[in-house]
Structure formats: structure tokens, C-alpha cells
Amino acid sequence: EEQKRLLENRPDQPQNPKVLRIAIIGAPNAGKSTLSNQLLGRKVFPVSKKVHTTRCKAQGVITHEDTQLIILDTPGLTNPLKAKRHNLEEAMLTDPWDSMKHADLVLVLVDVSDHWTRNSLSKEVLKCLSQFPHIPSVLVLNKVDILKKKFLLLEIATDLTEGIVNGKKLEVKSTLKRDSRSLAKPPFHITQASPPESKVQGSSFGQEKNQAQEGSGLDRSSDAGGTGTGEAQGPKHHEPENLKDVKGWPHFQEIFMLAALHGEEVDTLKRYLLMQAKPGPWEFHSDVLTSQSPQEICDNIIREKVLEYLPLEVPYGVTQVTEVWEEGECGELLIVQSLLVPRESHKRMLIGRGGKVISRIAQEAGQDLMNTFLCEVCLKLKVEVKG
């Protein structure tokens with residue numbers, strides 16, 4: 001009821017409100033939901049090693065002083081063939097595109113630990129960027145802590161940007177003597193090529209902006225100010241039909257390198273996002289953390305655990321039905337949910353020997369719900385075969 005009231009009420013506007021709508025896009029399992037949760041400071045979006053954990057678009061809300069960031073956590077960009085294979089809703093093909101239409105800034109997340117995909121943006125991501133070239137975009141290299149050979153970050157960054165960031169060519173200054181044990185900071189600086197006379201410390205970005213970019217792996221010692229996409233200096237935008245041999249996008253404004261799971265360098269990105277906000281009315285009350293209802297959060301967290309513990313395609317056929325949602329006398333929450341599966345064999349798998357699997361799912365989901373709702377949660381799960 002409280003969440004419903006907050007969402008329906010008019011936002012408590014400050015005197016000079018600023019707002020930024022951020023679309024986070026990327027291949028499935030790049031870490032979009034993990035990054036969103038870290039930016040929000042609470043677990044609001046489901047996270048799993050399995051692809052397509054996020055099935056619909058949901059909004060996260062960060063309110064800091066007079067600024068509101070609205071995070072559009074979208075499903076991983078996929079294509080009709082993969083969607084059919086995973087029995088995914090049609091919304092999963094359209095939601096990322098809808099999010100792009102409403103975004104002021106796009107974060108493109110790339111998993112650098114995946115050596116099969118890290119050196120090129122997926123065709124779906126490139127298509128998305130080329131359809132909305134007017135929206136400023138930022139490249140975020142995620143899971144850099146897993147990458148043992150940190151020098152590969154240079155190669156990856158160059159490939160994914162076609163060697164151009166904010167309209168300037170990338171250069172490399174080796175700083176291998178630096179302590180490269182840090183999770184997120186690569187053992188080199190990426191700098192932008194510029195005339196020698198303009199290479200002075202303290203650019204038009206301003207001191208605060210420089211601080212926010214310290215951990216991003218970008219050393220902006222050139223005169224690259226402003227917020228242009230670099231269209232004048234860089235190559236022309238790629239049309240969708242010309243994406244066949246394209247690996248990167250030469251119109252990113254910044255590159256950030258982080259480890260979302262551990263929160264490493266997430267604050268650096270958050271500070272940058274707050275600085276990009278433009279004057280405009282807030283969309284949500286300052287107490288709102290997400291546009292989702294508590295039931296939707298609950299469904300997503302339980303589904304995340306089901307995905308985690310069941311093999312391959314089995315979890316995608318599970319239907320969730322909440323039978324009981326009651327608040328106790330002391331503020332505790334009692335939730336009873338039925339998990340409906342298509343086959344008897346799936347039921348046995350989900351229950352597990354001696355009920356171990358379903359017990360573990362209920363225990364872990366219950367703990368996550370307590371951390372999210374900040375109250376005691378008693379969660380009971382039942383497994384039934386669909387009628």
C-alpha cells in the first residue's frame with residue numbers, strides 16, 4: 001500500500017530539480033541487473049548466471065539531493081531466433097527499444113571476461129545504437145576483476161570504440177609500474193590524441209569531473225570538453241544495413257572499467273551520471289526505489305533462485321502464483337507461492353532429494369527479500385504440476 005501510494009502521489013519536487021533517464025543495454029548476462037542493484041544500493045533487480053533473468057523492463061530510482069537518476073534495467077538484447085529457443089515473451093524483443101526511446105543517456109555494458117564476445121559489440125547492440133545515434137552513449141567494461149591479463153583491456157577498448165572516444169583518437173601511455181593488483185584500474189591510461197599545446201592538466205571538464213573519471217581508465221588531458229558525440233571528427237554513423245563487418249561504435253563519450261559484482265568503481269560511474277543530469281521535473285517521489293510492486297520484486301527474486309538451481313531450459317517453463325501475502329502483527333511478511341511446472345520430472349527436480357532444492361531456494365529468496373523489504377519475511381514455496 002505504501003509503495004502504491006508513493007507511485008501514485010506527485011513527486012516532492014525540490015527547488016531546482018535535475019533528472020537523467022539511463023538505459024542500460026548489452027548482451028544477455030553482461031551484468032546489467034548487478035550494476036543497477038549496485039547503483040541503487042539495494043537488491044531490486046533479479047540476478048543470475050543464466051541468460052534472460054530480467055524478463056521485463058523495470059525502473060530503479062536514485063535520488064541524491066536535487067538530482068534523480070532513473071535506471072531503465074532492460075532485458076538483454078536478443079533476436080527472434082534466440083527468443084523462440086528460450087520461450088521468451090515478445091516484450092523481451094521490444095522492451096530494450098522502448099527504453100532507448102525514453103533515455104537521455106545509454107550505458108553499453110560489455111562482459112570483458114567472456115573471450116568469445118568481448119572484442120565486438122553484439123549486432124543487436126550496434127543496431128540499437130545506430131537507430132538512436134542522437135542519444136549520448138557511454139561504454140562500461142564490466143567484470144574487469146576476472147580478467148587476469150589487464151593489458152587486454154586496451155585491445156578491447158580500442159576494438160569496441162574503433163579507436164575513437166568523444167570524437168578523439170585513443171592513445172596509450174604505458175604506466176606498467178603502477179600497482180596493477182587493483183581490481184578495476186588497468187595498468188595503463190587511455191588518453192585522447194590532441195595537439196601538443198592542448199595537453200595540459202585541468203581541462204575544460206573541470207576538477208570535479210576529473211575526479212569522477214579517475215577510476216574509469218580514461219585520462220582526459222586534452223581539450224575535449226562539452227558533450228558532443230564527436231560526429232564532426234569521427235566516422236559517420238553506421239546505418240543498420242551496414243553493420244555486417246562492424247565491431248565497435250566510435251561515438252562513445254566515455255569509457256568506464258569496473259567490477260559491478262564487488263561494487264568496484266561503481267561510485268565513480270554514479271558520480272559521473274549525477275553530473276550528466278539536466279534540469280527537469282522529477283518523475284518519482286524521493287522515497288521511491290523502484291517502479292515495481294513488492295509482488296513483482298518477490299516474483300523476480302524467487303525466479304532468480306529457480307533459474308540458479310535448475311538445469312538448462314527447465315526454469316523458463318515455471319509459472320509463479322502467489323497464494324498468500326499477509327503482514328503479521330509485528331510487521332513480518334508471510335508469503336506463500338506455488339511454482340507450477342509442466343512435467344512431473346520437473347517437479348522432482350525442483351523439489352530435490354529430501355526437499356533440499358526447494359528448501360534452499362526458499363531460504364535464499366527469503367533472505368534476499370528481507371534485505372530488500374527491510375523486515376522479517378516468512379516464505380513458503382509449493383511445487384505443483386500444471387493442471
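These legends walk through close-up views of a predicted model.

**View 1. Helix 11 and the elements around it.** Helix 11 covers residues 356-373, and its 18 residues reach 26 Å from the first C-alpha to the last, close to the 26 Å expected at 1.5 Å a residue. Look along the helix for its buried residues: I358, I361, A362, A365, G366, D368, L369 and T372. These buried residues of helix 11 pack against two helices, helix 9 (294-309) and helix 10 (344-351), and two strands, strand 13 (333-341) and strand 14 (377-385). Just after helix 11 comes L374, with a positive phi of about 55°.

**View 2. The open sheet of strands 12, 13 and 14.** Here three strands line up in the order 12-13-14, with mixed pairing, to form an open sheet. Strand 12 (319-327) and strand 14 are the edge strands, each pairing on one side only. On average, neighbouring strands of this sheet are turned by 15° against each other, direction ignored. Zoom in on strand 13 and strand 14 and you will find nine bridges in the parallel sense; in strand 14, V383 is the bridge partner of L339. Helix 9 packs on the sheet and touches strand 12, strand 13 and strand 14, its direction making about 130° with that of strand 12. Helix 10 packs on the sheet too, touching strand 13 and strand 14, and its direction makes about 155° with that of strand 14.

**View 3. Two nonpolar cores.** The largest nonpolar core has 39 residues, and V108, L121, L141 and I255 have the most contacts inside it. Elements giving two or more residues to this core include strand 1 (18-26), strand 4 (105-111), helix 5 (123-131) and strand 10 (252-257). Helix 6 gives the most to this core, with five residues. Apart from it lies another core, of 27 residues, with I22, L69, L109 and L273 among them.

**View 4. A tilted aromatic pair, F256 and Y272.** The structure holds two aromatic pairs. In this one, F256 and Y272 sit 5.0 Å centre to centre with 55° between the planes, a tilted arrangement. F256 belongs to strand 10 and Y272 to helix 8 (residues 266-276), so the pair ties together parts that are 16 residues apart in sequence. Both F256 and Y272 are buried.

**View 5. An edge-to-face aromatic pair, W325 and F373.** The rings of W325 and F373 are 6.3 Å apart, centre to centre, with 70° between the planes, which makes the pair edge-to-face. W325 in strand 12 and F373 in helix 11 are 48 residues apart, and their pair links distant parts of the chain. W325 is partly exposed, with a relative accessible area of 27%; F373 is also partly exposed, at 22%.

Definitions and conventions:
Residues are numbered from 1 along each chain as its sequence is written. This is a predicted model: local features need pLDDT of at least 70, side-chain atom pairs count only at pLDDT 80 or more; totals for chains, interfaces and linings use all residues. Side-chain values use heavy atoms; hydrogens and water are left out. Helices (H or I, at least four residues) and strands (E, at least two) are DSSP runs, numbered from the N terminus. The expected span of a helix is 1.5 Å times one less than its number of residues. Buried means under 20% relative accessible area, exposed over 50%, partly exposed in between (1.4 Å probe, protein chains only). Contact means heavy atoms within 4.5 Å. Two strands pair if DSSP finds at least two bridges between them. Axes are lines fitted to C-alpha atoms, for helices over the stretch in contact, and angles run from 0 to 180 degrees between N-to-C directions. A nonpolar core is a set of buried Ala, Val, Leu, Ile, Met, Phe, Trp, Tyr and Cys residues joined through side-chain atoms within 4.5 Å. Rings of Phe, Tyr and Trp (its six-membered ring) pair if their centres lie within 6.5 Å; planes under 30 degrees apart count as stacked, over 60 as edge-to-face and the rest as tilted.
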